[in-house]
Each structure stands twice: as structure tokens, then as C-alpha cells.
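Here is a short report on how one protein chain is put together. Have a look at the model, then read on.

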Amino acid sequence: MEKINSFKIDHTKLLRGIYVSRTDIVGGEVVTTYDIRVCQPYKDTPMDGAAAHTIEHIAATLLRNDEKIGNKVIYFGPMGCLTGFYLILIGAPDINTVWWHMRNIFADISRWGDCIAEPIPGGWQIECGNYKFHSLDGARKIARRFYSDILQHDPSERHTTYPNDVSKVVIICAMECEEKLLKDLRIEGTSEIHLIRSGIGKVNAAVATAQAIDMFEPDVVISFGYAGGLGDGMKGKMVFADKVFYHDVWHGEGNELGQVQGSPMYFYCANENKYITKAFTGLLAKPLVYGTIATGDYFVESTAMVNKIANIYPGTIAVDMESAAIAQVCEKVGTPFMAYRLVSDIVGAQDQVDQYERTIKGE
Ligand SMILES: [Zn+2]
């Protein structure tokens, strides 16, 4: 069985705070689940069940009555491990917004029945499945501690970002000049980075990828190197691909143009990992753009070719000679794939070859 996302996080490294646990598309709408992590796993004593029940009653009531997010609240309730709560909202409010709401709510809970002279909402037999199972005193203590230690401060990265769940990374480059660019690459939270030089083109890239996966069993394979940019605006940018595909494949009737028979038309990339992006953008100092990369075994150099690719496959912003081949191997064996490519030249520009040569010489 596949692990659900929140089990993939190393809970022994998790701090108290508020985290985006997952986003889902439900009936065309985005739904975001937040972890409200009240206790640090394996360090703090988990919540008392009755106190967690009381917090659930008060917080759910306050959330639903909130003018700003009341109509976005799907659910608030305790985690089974009793180290926190899940909050599920319609849309994707950013973590700071959620932080401010939770700050107010936990401040209110810490004064409930005292400065806020209210009974526990829904605290009657007809309103709850276990109405005697409450501890207002316990709830107040938990809320006060979470508020004063964590929520009253500004949301910091440590308390809003999961630790990196990617440990072993394989990076495939075609050429030595590309490999050199990454010699000082460090990615926070990873244990191994293997930089492999494959040689140029699809078959070379595929062979190197298959061998590297076999040898290192990486958590992700990254295609890195230069790419031709589609359009002047791509000058000096680094592309992070959402998906990659072949622009030089036709397997006949029943397949899409670009599709290898038996494989999907597009190879989708893994979600962005902010630790990896931070390492690449920090080292290479290039602005990141998001879009699709087309791969083929020839150097795209005419405006006619560019127009053809852009017309058939909208959203394509760069071309290279390896990424889709690396992705196809990854897709076959179930290894996550990403591509970061530096734009070395603008395809179809009069001095394209010159641009390319100057880039790879490091000028
Ligand atoms: Zn209840």
C-alpha cells in the first residue's frame, strides 16, 4: 500500500507549529489540510484526550463563526496521536493567515470560562457523543502553552515548513561544463547527492539514469543542464519543469504526436521541494520560471521549429536533449523526477549558436 503523505514526514524531526499537510482538488476546488502541531512528537507529553475534545469543541465553534474564514472551514479536529489538530479549509489560505487565526483562537481558549465567560460549546448530551469527556482546565493549559511558546511569535520558517523528506538525490548532467556548475551544491536535509555525467542525447541519458537508480536507489532524480529558451523573455532564466515530453517522436496512429507507445504523452515532475529549489537558485543565482520542457535528439535552431513546438504543445518554454528520456526511465521504475535547466540560448535568435557556445565556455 502506498504511504499517505503525512506518514512520509520524519515525525521525530517535527517541531510545534502550523504546516500545510496536503492540498487536494475536490470537485474542481482546492482543499488544504493544515497540521496544527500543538505538541512536539516524542518530546512533549501528548494531549489528554478530554482536553483535546474540549479544544475541538471551542475551536471548531470559533472557526465556523469567524467572519473571514467561517465559510471556508470544512473540519477541525484532533489527530489520533493527540499531538495536534487537523484544520481543513476550502482554498489555499497561506500559512501566515492561518497562523493569525489560530493565534486568536488559542488565546481565546486559554481564557475560556474565565475572562470569556462561556460554557463549552456543544457540551450537552444531545449535542455530543461523549459529553462528559471534557476538560476545560486541561484545554486552557494546552492552549496557553501553545500560545505563549509558539503562536504569539511571528510564524518562522522552522515552525511552518516540514523538514526535507528527500534524502538521496541523483543529478544527471550531459556535459562536463554542466556538471562543474554543481560541484559546490549542498541541499539542506539530504544525506547523499550523486552527480552523474551521462553524455548528450536521449539514449545516453536513459542509460545513465537506469544505472544510477539501480546503484543509488535515490528519492528523486534531477535532470540538470542547459536548455534552449522559447522567446526572448527566457534569457538568463532557470526552468523548473512541471512536465516534460518528446518533440521528436511519432509512433503512428493511436498515439499522440510525441508519445512513446505504452508510455504517457507527458511525464509529470514531482512537486517542487523548497530545499532543492533553494539550493539550485542560491548556487546558480538565476530567477526560476515554471513551465514545460520538450526533449529531442536534435539541436532546435530554427524559428519554424520553435513555432511548431509551441503551437502543438502550449506551455512549452524550453527545449533540451535529455529531460524526457530521464523522466521516461523514472516513470517506468516509479522514481520521482524533476528538471532544473538553465537557458543558455534563445532558440531561433540570429546569434543562437554563438550564445550557446559562449554559455558553455562559461563566458
Ligand atoms: Zn464532542
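This is a predicted model. The domain assignment of the chain gives two entries: domain 1 covers residues 5-159, and domain 2 covers residues 168-360. Taken over C-alpha atoms, the centres of domain 1 and domain 2 are separated by 41 Å.

## The open sheet

Begin with the strands. Four of them form an open sheet. In what order do the strands of this sheet lie? The order is 1-2-4-3, and the pairing is antiparallel. Strand 1 and strand 3 (73-78) are the edge strands, since each pairs on one side only. From one strand to the next, the twist averages 15 degrees.

Now go through the pairs. Strand 1 (residues 17-26) and strand 2 (residues 29-37) run antiparallel and are joined by nine bridges. Arginine 22 has threonine 33 of strand 2 as its bridge partner. Strand 1 and strand 2 form a hairpin, with two residues between them. Look at glycine 27 in that turn: its phi is positive, at about 55 degrees.

Strand 2 also runs antiparallel to strand 4, and seven bridges join the two. Here tyrosine 34 stands opposite leucine 87 in strand 4.

Strand 3 and strand 4 (residues 84-90) pair over five bridges, again in the antiparallel sense. Proline 78 faces phenylalanine 85 in strand 4. Strand 3 and strand 4 form a hairpin too, with five residues between the strands. Which residue in this hairpin takes a positive phi? Leucine 82 does, with a value near 60 degrees.

## Helix 3 and its neighbours

Next comes helix 3 (residues 95-110). Helix 3 lies across strand 1, strand 2 and strand 4. It runs at about 120 degrees to strand 1.

Helix 3 also packs with helix 2 (residues 49-64), at an angle of about 130 degrees and with the axes 10 Å apart. Helix 2 is therefore oblique to helix 3. The crossing of helix 2 and helix 3 is right-handed. On the helix 2 side, the contact is made by Ile55, Ile58, Ala59, Leu62 and Leu63. Helix 3 supplies Ile105, Asp108 and Ile109. By class, the residues of this contact are seven nonpolar, no polar and one charged.

Helix 4 (residues 136-151) packs with helix 3 as well. The angle is about 140 degrees, and the axes are 8 Å apart. That angle makes helix 3 oblique to helix 4. Is the crossing of helix 3 and helix 4 left-handed or right-handed? It is left-handed. From helix 3, the contact residues are Trp99, Met102, Arg103, Phe106, Ala107, Ile109 and Ser110. From helix 4, they are Ala139, Arg140, Ala143, Arg144, Phe146, Tyr147 and Leu151. The classes here are ten nonpolar, one polar and three charged.

## Helix 6 and helix 9

Further along the chain, helix 6 (residues 202-216) meets helix 9 (residues 323-333). Their axes come within 8 Å and cross at roughly 35 degrees. Helix 6 passes helix 9 in a right-handed crossing. Helix 6 brings Lys202, Ala205, Ala206, Thr209, Ala210 and Ile213 to the contact. Helix 9 brings Ala325, Ile326, Gln328, Val329, Cys330 and Val333. These residues divide into nine nonpolar, two polar and one charged.

The table sets out the three helix contacts by residue class.

| Helix contact | Nonpolar | Polar | Charged |
|---|---|---|---|
| helix 2 with helix 3 | seven nonpolar residues | no polar residues | one charged residue |
| helix 3 with helix 4 | ten nonpolar residues | one polar residue | three charged residues |
| helix 6 with helix 9 | nine nonpolar residues | two polar residues | one charged residue |

## Parallel strands

Some strands later in the chain pair in the parallel sense. Strand 8 (residues 238-246) and strand 10 (residues 288-295) do so over seven bridges. Tyrosine 246 stands opposite threonine 295 in strand 10.

Strand 10 also runs parallel to strand 11 (residues 316-320), and four bridges join them. Which residue of strand 11 is the bridge partner of threonine 295? The partner is aspartate 320. Threonine 295 thus appears in both pairings: opposite tyrosine 246, and bridged to aspartate 320 of strand 11.

Definitions and conventions:
Residues numbered from 1 in each chain as written. Predicted model: local features only at pLDDT ≥ 70, side-chain atom pairs only at ≥ 80, totals over all residues. Pairing = 2+ DSSP bridges. Axes fitted to C-alpha atoms, helices over the stretch in contact; angles between N-to-C directions. Left-handed = near helix turned anticlockwise from the far one by under 90°. Contact = placed C-beta atoms within 7 Å. Nonpolar A, V, L, I, M, F, W, Y, C, P; charged D, E, K, R; others polar. Parallel < 35°, antiparallel > 145°, perpendicular 65-115°, else oblique. Domains from an automatic or database assignment.
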